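Got your viewer open? Let's take a short walk through this chain, one selection at a time.

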Amino acid sequence: MAQDYADLLRDDLRANTFDRAVLGIFAEQVIDGGGGRIADLGCGPGRITGHLAGLGLDVSGIDLSPGMVEVARREHPGIPFSVGSMLDLPFGEAELAGALAWYSIIHIPQDEQDALFREFARVVRPGGRLVLAFQVSTAGDEDVVHLTHAYGHDIDLRTRRQSPERVRRRLAAAGFAVTGEVLREPVAPEKTRQAYLLAQRTR
């Protein structure tokens, strides 16, 4: 389903002013902080990775799905992409000036998210930047959504809407300070509010 997913969302950023604004803020913060290598964690077919490269960032992408990485490499041949897990990133300690997890933490079970944010903190240098995007939970800390058909395919996929407050606590425990938060109302076919958190590595 990787190519169908890429085709469906290919032009989404053109109409989504919130996404472009948050990504622009993130890019400016990285550049103002001295620049350096950043990574798109859970990059899918590379549409956000490509946008960040267009903003002047030195960016690479990583995704668990070989199919998504294959599409990303084909559609963005000048950007390095690799197959890998966000829970075991192929970067050294404090190697990155920033990282992005754009609707990718929704695939990580709650009991693994503390470890996830510690791994983000391991690879982002002190003073480096992090941006997250995710759907907001309507029932406490988490809603689990079971998808059985999407992007023209029968699938078996569980995603997790998140509580911004819980994500904030986890970021703080991992060594990040939240510097900005944007919540917006859903736009069809979205069902819930969308959240964007910008953070800086403090330790």
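**Stop one: a hidden glycine**

Select Gly-175: at 0% relative accessibility it counts as buried, because buried means under 20% relative accessible area (1.4 Å probe, protein chains only). Gly-175 sits in the loop between α7 (164–174) and β8 (176–184); helices (H or I, at least four residues) and strands (E, at least two) are DSSP runs, numbered from the N terminus. Now add Ala-121, which is 54 residues away in sequence but 6.5 Å away in space, C-alpha to C-alpha.

A quick note before moving on: this is a predicted model, where local features need pLDDT of at least 70, side-chain atom pairs count only at pLDDT 80 or more, and totals for chains, interfaces and linings use all residues. Residues are numbered from 1 along each chain as its sequence is written, and side-chain values use heavy atoms, leaving out hydrogens and water.

**Stop two: a buried arginine**

Next, click Arg-129 in strand β5 (residues 124–135). Which side chain of opposite charge is nearest? That's Asp-32, 7.6 Å away, and buried Arg-129 has no salt bridge (a side-chain nitrogen of Lys or Arg within 4 Å of a carboxyl oxygen of Asp or Glu). Lys and Arg count as positive, Asp and Glu as negative; His and the chain ends are not counted.

**Stop three: the core**

Finally, select Leu-41, Ile-105 and Phe-117, among the residues with the most contacts inside the largest nonpolar core, which has 29 residues. Such a core is a set of buried Ala, Val, Leu, Ile, Met, Phe, Trp, Tyr and Cys residues joined through side-chain atoms within 4.5 Å. Its largest share, five residues, comes from α6.

How values were computed:
Buried < 20%, exposed > 50% of the residue type's maximum accessible area, 1.4 Å probe, protein only.
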